[in-house]
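Work through the exercises below with the sequence and the model open side by side, and try each task before reading its solution.

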Amino acid sequence: MKTYTYKKSVALFKRAAKVIPCGIYGHLSPAPLVPATDYPFYASRAKGARFWDVDGNEFIDYMCAYGPMVLGYNDPKVDAAAMKQLKSGNCITAPAPIMVELAEHMVDTIAIADWAFFAKNGGDVTSYALMTARAATGRKKIVLVRGGYHGVAPWAQAAGHPGVIDEDHSTIMYVEWNDFEGLERLVNEHPGEIAAFMATPYHHPTFVDSELPAVGYWSRVEALCKKNGIVLIIDDVRCGFRLDMRGSSEYFGFKPDLACYCKAIANGYPISALVGTEALKTAAAKVFYTGSYWFSAVAMAASLATLKELKRLKAPELMMARGKKLLDGMIDIARSHGYTLNVSGIPSMPSVYITDDESLMLHQDWCAECTKRGVYFTSHHNWFISTAHTDADIKKTWNVVDEAFKVVRKKYGM
Ligand SMILES: Cc1ncc(COP(=O)(O)O)c(C=O)c1O
């Protein structure tokens with residue numbers, strides 16, 4: 001099997017490093033891709049479940065742009081809706097009617113939603129959720145789960161990161177994932193002080209396994225928050241519409257007060273949303289919050305088309321089934337080479353790690369060997385399955401996975 005080289009990617013990155021801080025920053029930075037020499041840095045085009053890099057190499061994409069791609073790149077229905085809106089207008093001095101249609105559709109789709117507010121990135125709406133909770137309760141403190149990710153606002157970053165000051169965390173408190181007793185203790189120690197508890201529907205940190213909620217965890221958290229006047233915020237930015245069209249909280253059987261959406265809601269067009277209950281609508285309205293591009297009608301048209309198509313396809317169930325098929329096959333192939341592939345989280349957003357080497361070296365090498373044969377796997381972050389991943393993609397993936405295990409077995413033995 002031919003392995004890829006990345007001459008043009010490397011040349012572009014060298015140019016980028018001179019004029020862009022980091023060359024490529026944030027979640028697309030090559031820093032966690034190990035060895036970075038086995039990964040492409042720049043994509044030239046994408047279609048369905050695949051993308052092509054600037055060197056002409058083709059990849060089956062299991063990162064889906066880190067979540068936004070859910071129906072396949074360049075989905076014809078979504079693109080047609082976006083282009084139709086573009087011809088009428090995008091950023092105008094007054095919002096377009098599509099904004100109302102989209103809000104109505106989200107309210108009809110998401111179980112807890114009585115209203116919807118639109119912005120651009122996930123971090124816009126996680127910050128807005130905190131402000132809304134503070135405006136509603138008149139309280140300052142926020143409880144988060146240690147290791148959870150809610151964006152790059154200073155309050156959401158780890159203390160000590162460059163540019164983050166101690167004061168950014170003066171009102172933030174942390175509990176461990178699934179530790180209901182720890183949360184209850186904190187609530188009892190700070191009566192009348194906590195505005196909100198924010199968490200993802202299940203815990204999906206980087207570099208380690210994902211953890212699903214323990215039985216009864218969310219219903220106990222919901223009851224505790226209700227009893228103590230604490231706003232329960234679900235950060236559904238990553239999981240949203242990959243578990244349940246009605247909201248991931250429905251999948252796990254609980255009702256938050258606010259829910260944050262981004263990634264999968266417009267198949268790659270830039271838009272995010274905060275939805276909430278009637279009780280919080282006035283507080284949400286009082287918070288002044290906006291941005292130059294937040295009324296962009298093109299992304300709203302794309303979002304409405306995406307949500308309709310996700311519903312029509314029963315996308316969450318479809319992606320779960322595809323993911324399960326892919327992963328079951330991969331686990332068997334790993335076993336046939338004497339390795340253990342541990343899968344956690346949910347099959348449409350799996351965290352996958354080879355457990356036979358604690359250092360992560362073998363796992364990183366294996367992901368890189370797959371990538372340079374055309375199956376793009378990261379070794380530090382959960383993967384994503386879209387509705388565009390076909391049986392043929394899965395079969396090709398299994399072949400590459402098999403070959404990559406042969407390569408790492410030669411290097412590491414077993
Ligand atoms: C759970 C979660 N919340 C918030 C964010 C931040 O979203 P964005 O990067 O669009 O600001 C992310 C991004 O990965 C996320 O996964």
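A residue is called buried when its relative accessible area is under 20%. The model is a predicted one, and every value below was computed from it.

**Exercise 1.** Determine what share of the residues in the protein is buried, and how its overall dimensions compare with the globule rule.

Solution. Begin with burial: by the cut-off just given, buried residues make up 55% of the 414 residues. Next, take the secondary structure, which comes to twelve helices and 13 strands. The radius of gyration is 22 Å, close to the 22 Å that the globule rule gives for 414 residues, so the protein is as compact as a globular protein of that length. Along the principal axes, the C-alpha atoms fill a box of roughly 60 × 55 × 45 Å.

**Exercise 2.** Work out where the largest nonpolar core lies with respect to domain 1 and domain 2.

Solution. Start from the membership: this core holds 105 residues, and those touching the most other members are Met106, Phe197, Trp218, Trp366, Phe377 and Phe405. Then consider the helices, among which H9 (residues 297–312) gives the most to the core, with ten residues. Finally, since domain 1 (7–71 + 315–412) and domain 2 (76–312) both give residues to the core, it lies between them.

**Exercise 3.** List contacts of Phe405 beyond its neighbours within four places in sequence.

Solution. With those neighbours set aside, Phe405 is in contact with Ile333, Ala334, His337, Tyr339, Leu341, Ile354 and Trp366. A second, separate core has 28 residues, including Phe117, Ala119, Ala133 and Val237.

Notes:
Residues numbered from 1 in each chain as written. Predicted model: local features only at pLDDT ≥ 70, side-chain atom pairs only at ≥ 80, totals over all residues. Heavy atoms only, no water. Core = buried A, V, L, I, M, F, W, Y, C linked by side-chain atoms within 4.5 Å. Buried < 20%, exposed > 50% of the residue type's maximum accessible area, 1.4 Å probe, protein only. Helix = DSSP H or I, 4+ residues; strand = E, 2+ residues; numbered from the N terminus. Domains from an automatic or database assignment. Contact = heavy atoms within 4.5 Å. Rg over C-alpha atoms; globule rule 2.2 N^0.38 Å.
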